[in-house]
Amino acid sequence: MSSLSLGKYRIAACPRALPGGRFASQVSIASGSGSACTDRVMRFVDDFPTFDAAARYAVAQGVDWVNATQRARGQQPYPCAALSPSNPIRL
């Protein structure tokens, strides 16, 4: 599992193997440190044919969550976090 940092947030994909060879996608979004650390984990219904596909989906959902949270707080989202072929996720 590798992570991506956006401001105070750490986004980590945590794909897991399913019976039948497909993969479930889930993401951990952590912030803070020590006793003030929070970690939210989101699990998604869709399954994916590869570990990488599940991880990419999870990270994309994590980035979307962080950016929506930034907007809700009246702060700018992280434009450099846009996922594209020129800005791939490295696992």
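## A ring at the surface edge

Tyr57 comes out as partly exposed, at 28% relative accessibility. For that label, buried means under 20% relative accessible area, exposed means over 50%, and partly exposed is in between (1.4 Å probe, protein chains only). This is a predicted model, where local features need pLDDT of at least 70 and side-chain atom pairs count only at pLDDT 80 or more, while totals for chains, interfaces and linings use all residues. Residues are numbered from 1 along each chain as its sequence is written, and side-chain values use heavy atoms, with hydrogens and water left out.

## Confidence and layout

Let's start with how far the predictor trusts itself. pLDDT is its confidence in each residue, from 0 to 100. The protein has a mean pLDDT of 85, with 85% of its residues at 70 or more. Among the elements, strand β1 (residues 3-6) has the lowest mean, 86, and β3 the highest, 96.

The secondary structure adds up to 1 helix and 5 strands, and from the N terminus on the order is β-β-β-β-β-α. Helices (H or I, at least four residues) and strands (E, at least two) are DSSP runs, numbered from the N terminus. Of contacts between residues at least 6 apart in sequence, 41% join residues at least 24 apart; a contact here is heavy atoms within 4.5 Å.

The protein has 91 residues, and 33% of them count as buried. About 5600 Å² is exposed, with carbon and sulfur atoms supplying 54% of that. These areas come from the Shrake-Rupley method with a 1.4 Å probe, and for residues only the protein chains shown count as cover.

## The nonpolar core

Which residues make up the largest nonpolar core? There are 12 of them: Leu6, Tyr9, Ile11, Ala13, Val27, Ile29, Phe44, Ala55, Ala58, Val59, Val63 and Val66. At least two residues apiece come from β2 (9-13), β4 (23-31) and α1 (51-72), and α1 gives the largest share, 5 residues. A core of this kind is a set of buried Ala, Val, Leu, Ile, Met, Phe, Trp, Tyr and Cys residues joined through side-chain atoms within 4.5 Å.

Two core members are worth a look together. Ile11 lies in strand β2 and is buried, with a relative accessible area of 0%. Val59 sits in helix α1 and is also buried, at 3%. The C-alpha atoms of Val59 and Ile11 are separated by 6.6 Å, although the two are 48 residues apart along the chain. For Ile11 and Ala60, 49 residues apart along the chain, the C-alpha separation is 9.5 Å.

## Aromatic pairs

Now for the rings. The structure has 4 aromatic pairs, counting rings of Phe, Tyr and Trp (its six-membered ring) whose centres lie within 6.5 Å; planes under 30 degrees apart are stacked, over 60 edge-to-face and the rest tilted. One of the pairs is Phe23 with Phe51, edge-to-face at 6.1 Å centre to centre and 85° between the planes. This pair links distant parts of the chain, with Phe23 in strand β4 and Phe51 in helix α1, 28 residues apart. Phe23 counts as buried at 18% relative accessibility, whereas Phe51 is partly exposed at 38%.

Phe44 and Tyr57 also form an edge-to-face pair, 5.3 Å centre to centre with 90° between the planes. Here too distant parts of the chain are linked: Phe44 is in strand β5 (residues 38-48) and Tyr57 in helix α1, 13 residues apart. Phe44 is buried at 18% relative accessibility, while Tyr57 is the partly exposed partner. Phe44, Phe48 and Tyr57 are joined into a cluster by ring pairs.

## The salt bridge

How many salt bridges does a search of the whole structure find? The count is 1, taking a salt bridge as a side-chain nitrogen of Lys or Arg within 4 Å of a carboxyl oxygen of Asp or Glu. The partners are the side chains of Arg22 and Asp47, at 3.2 Å from N to O. Arg22 lies in the loop between β3 (16-17) and β4, and Asp47 is in strand β5, so the pair ties together parts that are 25 residues apart in sequence. Both ends are partly exposed: Arg22 has a relative accessible area of 34%, and Asp47 has 38% relative accessibility.

How values were computed:
pLDDT is the predictor's confidence in each residue, from 0 to 100.
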